[in-house]
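Reader: Hey, I'm new to this one. Can you walk me through it?
Author: Sure, here it is.

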Amino acid sequence: MSTPVRILGIAGSLRRASYNRAALRAATQLVPEGVTLDIFELDGIPGFNQDEEHNPPAKVVACKRRIREADAILIVTPEYNYSVPGVLKNAIDWASRPYGDSAWAGKPVAIMGASVGTIGTARAQYHLRQTFVFLNMFPINQPEVMIGNAAERFDAEGNLTDEMTKDFIRQLLQNLLEWTRRIGQPQVR
């Protein structure tokens with residue numbers, strides 16, 4: 001039997017009723033066998049301050065620890081002003097610092113996102129992919145899970161109801177599982 005793969009899920013939105021947080025919650029129910037998906041909340045991550053990188057706040061220390069403990073990462077991001085939300089970018093920056101001590105290095109990663117618009121966070125996802133180059137992360141390329149017209153795919157309680165979207169998320173998670181096992185054995189705990 002293979003070692004279970006542990007994925008850390010991060011939503012780039014702080015809003016409790018956001019479609020991206022709902023999509024991440026849905027993903028926890030759609031993981032393939034042999035996978036656990038834990039969520040790290042970004043509430044309390046301050047703006048990145050290089051003056052503090054050698055003495056980071058407790059929330060940042062916890063974030064880096066959780067990233068390091070995970071075998072792979074799932075980022076679920078909204079799109080703000082054609083890019084990545086500030087809270088997500090701050091978490092990325094904190095966890096990559098100080099230089100030479102990045103928690104992200106070598107991690108397999110998948111991205112998805114939801115939007116009330118039709119292109120479903122495409123620009124934010126592409127900006128994240130650019131960031132992954134410097135972070136030395138290894139993204140899943142397909143399927144691209146860009147949940148457009150999100151209000152039609154979730155019910156009033158934030159439950160994902162669209163079966164095609166569920167299938168895309170299942171495939172993304174299956175591909176992340178296979179990619180994680182292919183590029184390196186999950187960490188022994």
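Author: One term before we start: a residue is called buried when under 20% of its relative accessible area is left. Also, keep in mind that this is a predicted model.
Reader: Okay. How many helices and strands does the protein chain have?
Author: The protein chain has 5 helices and 6 strands. Going from the N terminus, their order is β-α-β-α-β-α-β-α-β-β-α.
Reader: And helix α3, is that mostly covered or exposed?
Author: Mostly covered: in α3, which spans residues 86-95, 8 of the 10 residues are buried.
Reader: Which residues of α3 are buried?
Author: Those are Val87, Leu88, Asn90, Ala91, Ile92, Asp93, Trp94 and Ala95.
Reader: What covers them?
Author: The cover includes two helices, α2 (58-69) and α4 (122-135), along with strands β1 (5-11) and β3 (72-76).
Reader: Switching to the whole thing, how much of the protein chain is buried?
Author: Of its 189 residues, 49% count as buried.
Reader: What about its radius of gyration?
Author: The protein chain has 16 Å, which agrees with a compact globule, because a globule of 189 residues would come out near 16 Å. Along the principal axes, the C-alpha atoms fill a box of roughly 45 × 45 × 25 Å.
Reader: And what does the protein chain expose?
Author: About 9,300 Å², with carbon and sulfur atoms supplying 50% of that.
Reader: Last one: how far apart are the mean positions of the positive and negative charges?
Author: They are 3 Å apart, for 21 positive and 20 negative charges in the protein chain.

Note on methods: Residues are numbered from 1 along each chain as its sequence is written. This is a predicted model: local features need pLDDT of at least 70, side-chain atom pairs count only at pLDDT 80 or more; totals for chains, interfaces and linings use all residues. Side-chain values use heavy atoms; hydrogens and water are left out. Helices (H or I, at least four residues) and strands (E, at least two) are DSSP runs, numbered from the N terminus. The radius of gyration is taken over C-alpha atoms; the globule rule is 2.2 Å times the number of residues to the power 0.38. Buried means under 20% relative accessible area, exposed over 50%, partly exposed in between (1.4 Å probe, protein chains only). Accessible areas come from the Shrake-Rupley method with a 1.4 Å probe; for residues, only the protein chains shown count as cover. Lys and Arg count as positive and Asp and Glu as negative; His and the chain ends are not counted. The place of a charge is taken as NZ of Lys, CZ of Arg, CG of Asp or CD of Glu. Contact means heavy atoms within 4.5 Å.
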